[in-house]
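Take a look at the chain below. Then follow its elements, its core and its cross-links in turn.

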Amino acid sequence: MFTGTAAVGLVGCRQEGPGGLDSVIVAVNADKRATARLEHDGYPVQWLTCTGKAEDPGVTEKGSPRPVTAVGVDCDGRTTGGQKIIVYGRVTGLYDDSCVQGKFTAKVDGKTVFTASVLGDCSGSGVTNGGGSGGSGSGGDKPTDNRGDSKGDKHWQGGHHQSK
């Protein structure tokens with residue numbers, strides 16, 4: 001388990017390469033972004049631990065391994081009030097340590113408290129994905145309720161509510 005300085009050092013590492021997404025870096029970033037989102041939504045996090053497992057991307061026609069383009073993430077934790085937290089999903093892109101893209105669901109004591117396709121601020125120059133194709137950022141956290149509808153809060157950025 002990484003703590004303090006070790007985790008900060010990891011998130012600054014290169015997140016793309018011949019192997020694509022790195023499951024440890026994805027897990028650290030998912031933990032950070034999910035914690036920020038939960039706290040923003042009124043669920044103070046006592047602790048949250050995430051693990052990532054790279055999905056097998058297969059091989060090319062020549063037998064070379066393909067880059068990892070998706071990582072499954074599972075997180076367990078507790079609120080400061082002792083409620084059980086689970087966050088799970090599939091990460092398909094990262095942008096530094098400020099943005100995690102994919103599909104995410106968070107539950108507190110069995111109740112879905114959010115679903116999202118983006119956690120954090122993706123308004124930077126591009127998203128790093130396992131395929132190396134990059135792409136433009138998508139403008140920030142897209143909070144959704146448990147039906148998957150957008151709440152339209154375009155000022156929610158990177159774990160903090162931004163003023164106009």
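The paragraphs below go from the overall fold to the core, and then to the disulfides.

This is a predicted model. The protein chain has two helices and eight strands. Their order from the N terminus is α-α-β-β-β-β-β-β-β-β. In the protein chain, 40% of the 164 residues are buried. The exposed area of the chain is about 8600 Å². Carbon and sulfur atoms supply 50% of that area. Now consider contacts between residues at least 6 apart in sequence: 45% of them join residues at least 24 apart.

Next comes the interior. In soluble globular proteins, nonpolar side chains tend to be buried together. Here the largest nonpolar core holds 26 residues. Within this core, L38 and V73 touch the most other members. Six elements are listed as giving two or more residues each to this core: α2 (23–40), β1 (45–54), β2 (71–79), β3 (84–95), β4 (99–108) and β5 (111–120). The helix α2 gives the most, with six residues.

V73 deserves a closer look. Which residues is V73 in contact with, leaving aside its neighbours within four places in sequence? They are V26, A30, C50, T51, V87, Y88, G89 and V91. One of these contacts, C50, leads on to the cross-links.

The structure holds two disulfides. C50 pairs with C75, and their sulfur atoms are 2.0 Å apart. This disulfide links distant parts of the chain, with C50 in strand β1 and C75 in strand β2, 25 residues apart. The link is right-handed, with 105 degrees about the S-S bond. Are C50 and C75 buried or exposed? Both are buried.

The other disulfide joins C99 to C122, with an S to S distance of 1.6 Å. C99 lies in strand β4, while C122 lies in the loop between β5 and β6 (143–144), so this pair ties together parts that are 23 residues apart in sequence. The link of C99 and C122 is right-handed too, with 70 degrees about the S-S bond. Buried means under 20% relative accessible area. C99 has 0% relative accessibility, so it counts as buried. C122 has 1%, so it counts as buried as well. Counting bonded cysteines along the chain, the disulfides follow the pattern 1-2, 3-4.

One last stop is a backbone detail. D109 sits in the loop between β4 and β5. Its phi is near 50 degrees, a positive value in a residue other than glycine.

How values were computed:
Residues numbered from 1 in each chain as written. Predicted model: local features only at pLDDT ≥ 70, side-chain atom pairs only at ≥ 80, totals over all residues. Heavy atoms only, no water. Helix = DSSP H or I, 4+ residues; strand = E, 2+ residues; numbered from the N terminus. Buried < 20%, exposed > 50% of the residue type's maximum accessible area, 1.4 Å probe, protein only. Contact = heavy atoms within 4.5 Å. Areas by Shrake-Rupley, 256 points an atom, 1.4 Å probe, with all protein chains shown as cover. Core = buried A, V, L, I, M, F, W, Y, C linked by side-chain atoms within 4.5 Å. Disulfide = S-S within 2.5 Å.
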